[in-house]
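Let's take a walk through this one together. Have the sequence and the 3D view open, and we'll go piece by piece.

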Amino acid sequence: MSGILSIIIAALFSQNFILVKFLGICPFLGVSKKVDSALGMGLAVTAVMVITCVVTYPIYTFILLPLGLEYMEILVFILVIAALVQMLEMLLKKFSPGLYSAMGVYLPLVTTNCAILGIAESVIAKATSAESAGFILKDGFFMQYSMGTAALAGLFYGLGFTLAIVLLAGIRQKVDKLNIAKPLRGFPITMIVACFMAMAFYVFTLIG
Amino acid sequence: MKLKRFKEIALDGVVRQNPTFKLVLGTCPTLGLTTAAISCLGMGAAVTFVLICSNVIISLLRNIIPDKVRIPSFIVIIATFVTLTRMVMEAYLPDLYSSLGIFLPLIVVNCIILGRAESFASHNPVGESALDGLFMGLGFTVAITLMGIVREFLGNASFMGIELWDKNVFSIGFFSTSAGAFLTYGLFIAGFTAIQNAIERKAQAKALKA
Amino acid sequence: MSKSSSFVTSLKTISVLLIICIVCGALLALCNDLFYIDEETKFNRAMQKVYPEFERDTSVSETPLAEFKDLAGAGSVSKVYRSKDGAYILEATGVGGYPDGSGTVTMYVVVGGETPNVEIKSVLITGNTKQSWIANITQKNIDKAYVGKNIKDVASLQMGNDYKWGGATMASTAIMNAIKSAVNYCVTALKLVSTPESEARDAAVALLEGYTLTTVVDDAYTTAVGANFYFTGTKDGADDVDVYVFGDKESGHQIVALKAGLTHADRMLDTAIVAKSEGIDNALVQSAQGLSHIESQIRALAPSFTYDVAGDLSQYATHSDFADTQITSAYVCNDGTLAIVAESTVGVFEDYTPGKLTMMVVIANGKISGFKVISYGGHSYFDGSIGNKNPQLYVGSAIDAIEYVKVSGATGSGVAYYNIIALSAYYARSISA
């Protein structure tokens, strides 16, 4: 139980994909001009993250690992993600045009989003002692997941992503109306806004 | 003519279309890895290698690959080279391998690489595509290494992993945090844009005078 | 016509994609064979960051032995890796990094060198919980404090300014605890060096088979008794003993093991008497050597002291007034003090049976001067009255004027206390008469 809770807290705050782990920065900067579009992007990412976790985790654990094909991991994952996104887009178009118009347009952008491949890479079991010894020296981010927690991680890391991007969009809507020095307009001021958000989220990394 | 084209590609890659500061692509590793300049260099080298290889292959296959499966084919080719880089790095440079961490497999989805494949390699000859890959990669490497040097110096009081003085004596730990990454990146882009604008204005003024 | 050509196009499209996939897959498979790194090498590489000469020696179990994991009582060892050159990398966690007792620091501790110069080679912190200020401690601080020190010295290290760093004193404690856990494991389980403490522990463990001993540092009793080492021991998680070790390896260890909470070394007399009456093998004093040591300690305090079996047990051991109660042993000291051990199974009150109460009553100058509960049935009513008000009520009473005092809430156990004390008084009167 506390394991699940710690995944949720980590996913939303202390290991927030955007503000702490720097994964999925491109849409974070690109699709955060308006709250509506940010929400659509966030939900699209969340949906794809959950599906990705549910699909890639068993592929890695039950197919690649037993066959000794771990090295095909990147290739397989990215193809699976691309196919999933394509399928999701087609399904939405056919069965839920409303939802498609809300978030469907962001789906093609999701394929090449670091956050998706990032979560797929993160949840696969790095179980061998050598790997875990290596990761201890790195950053404790790689915890051992099971099928259920992998899906849960997908959901909440996605929601963490949504949280960050919607917050940024809310601030940007105000900031973009201000008169700012010319070189700072656009990306730089967005980065500085993100800097303050990251400062706030930094506090969560201390308690986590 | 050839030299002019070479100069154009080089200037585009490193300055005019600098992927990090101008196009703002490949932001994830730029923010995530710039706490240490050494891993920036490693990341830059890895990206450059993948960029050159994928540009060359895609340029070679540009008339064979049907338009419909363009993107999946590019992704497969890029993923292959990333995996290759990862294997070699794990075998011969284990330290770098572990310091790049998750950002190494994520080169696959680095927008710079797919972007160059789409916008340059898929309709340019092999030689130029290779050059474009080289200089785009170089532009990326120089940019993130610069940021890495600044952040490492301010946040950790060291240069390329060599400790300059005890960081407890003087260092601004803020620059090692995620917030520091955003701020540094933002200021770098602003500075880059400001300098570029100034140069352009000078050139315009010169043209006007003439 | 157009339909078949679109079919051909899509067939071509798919086959191109497939061919690319197959070629890429084949290329990767080929390269994987070329660059494959086995798990063993990966592991060695990871560990070489901690200790550059590391080469895994799997002939030794890497899971630490449970009974030695937590010797310092403030941390634990989770992995023990042996290198082929004889060095060890221990993964240890220390607690005490946060005021409420939580807060941990996890680290690798490298220990190596030829006996007896086994020293700490390096310390690398890998993780922590609740240690927000740990950044105030640099690797240099830790290296200066610990690296190069003989593990013999580190094992008995006390917290001091050399190991405490400003702004992070709690984290410093957790770090020291982790290092001490690792070092203690090296001393006691791996036996890389022998310290007086480890020798004492080995001797005690040889005597108390199956017990796990935890060192108690700087215990007031150790000082009061003059014992060199004080351990607490458990067996199967429940059987607690206090173990005092006197002497050293050269002159021979003398070991006294007492049931925890039963008696302490400031009551040496109790211990000796209980040991004689209950028998040495009864987990009280575990060796004749230990008992003789206690006696010599008592004599050192009171040179003329002797004690002997007092009176004739067959004659006065029971009395019809005190049902189900009998004296099992009695001793008289040369100053006339009597120590009487008696047991009682009365105390049945309404619907509960408290079980057997065994108690020692000390009688001096015609008065009840003290008592010691040795064992009791374990009923909560005894828990409430034990060691405090109930038998305490009789202390100071003259032996010919013992009156039953009813204590509400402990009526049944009160009868047992009364019976033993009154029977002891009767015995004392009878043998002095």
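## Starting from one helix

A good place to begin is helix 3 of chain B, residues 37-60: with 24 residues at 1.5 Å each, it should span 34 Å, and its end C-alpha atoms are indeed 34 Å apart, so the two agree. Keep in mind as you look that this is a predicted model.

Now, is that helix buried or exposed? Of its 24 residues, 19 are buried, so helix 3 of chain B is largely enclosed by the rest of the structure. It also turns up in the largest nonpolar core, which has 130 residues. Helix 3 of chain B supplies the largest share of that core, 13 residues. The residues with the most contacts inside the core are Leu117(A), Ala153(A), Val50(B), Ile78(B), Val108(B) and Phe182(B), so look for names from both chain A and chain B when you explore it.

Take Phe182(B) from that list. Which residues does Phe182(B) touch, leaving aside its neighbours within four places in sequence? From chain A there are Met191(A), Ala194(A), Cys195(A) and Ala198(A), and from chain B there is Leu31(B).

That brings us to the place where chains A and B meet. The contact takes 34 residues from chain A and 36 residues from chain B. On the chain A side, the elements that give two or more residues are helix 2 (25-30), helix 4 (73-95), helix 7 (114-123) and helix 10 (187-207). Helix 10 of chain A gives the largest share, nine residues. By class, this side of chain A has 27 nonpolar, five polar and two charged residues.

While we're on chain A, here's its overall make-up. Chain A has ten helices and zero strands. Of its 208 residues, 48% count as buried. If you take the contacts in chain A between residues at least 6 apart in sequence, 77% join residues at least 24 apart.

Next, swing the view round to chain C. Chain B touches chain C as well, in a contact that takes 18 residues from chain B and 15 residues from chain C. On the chain B side, the largest share, eleven residues, comes from helix 4 of chain B (residues 70-92). That side has twelve nonpolar, four polar and two charged residues.

Chain C itself comes to 13 helices and 14 strands. Of its 433 residues, 40% count as buried. Look for an open sheet in chain C, where five strands sit in the order 1-2-3-4-5 with antiparallel pairing. Strand 1 (56-57) and strand 5 (119-129) of chain C stand at the edges with a single partner strand each, so one side of each has no neighbour in the sheet. Strands of a sheet pair through backbone hydrogen bonds, either parallel or antiparallel.

You can check one pairing by eye. Strand 1 of chain C is joined by two bridges to strand 2 (residues 75-83) of chain C, and the two run antiparallel. Here Arg56(C) stands opposite Ser83(C). Helix 5 of chain C (residues 169-188) packs on the sheet, touching strand 2, strand 3 (88-94), strand 4 (104-112) and strand 5. The direction of helix 5 makes about 140 degrees with that of strand 3 of chain C.

One last stop: what lies apart from the largest nonpolar core? There is another core, of 47 residues, with Val110(C), Val111(C), Val123(C) and Ala182(C) among them.

Key
Residues are numbered from 1 along each chain as its sequence is written. Chains are lettered from A and ligands numbered from 1 in the order in which they are written. This is a predicted model: local features need pLDDT of at least 70, side-chain atom pairs count only at pLDDT 80 or more; totals for chains, interfaces and linings use all residues. Two residues are in contact if their C-beta atoms, placed from the backbone, lie within 7 Å. Helices (H or I, at least four residues) and strands (E, at least two) are DSSP runs, numbered from the N terminus. Ala, Val, Leu, Ile, Met, Phe, Trp, Tyr, Cys and Pro count as nonpolar, Asp, Glu, Lys and Arg as charged, and the others, Gly among them, as polar. Two strands pair if DSSP finds at least two bridges between them. Axes are lines fitted to C-alpha atoms, for helices over the stretch in contact, and angles run from 0 to 180 degrees between N-to-C directions. The expected span of a helix is 1.5 Å times one less than its number of residues. A residue is buried if 20 or more other C-beta atoms lie within 10 Å of its own, exposed if 12 or fewer, and partly exposed in between; C-beta atoms are placed from the backbone. A nonpolar core is a set of buried Ala, Val, Leu, Ile, Met, Phe, Trp, Tyr and Cys residues joined through C-beta atoms within 7 Å.
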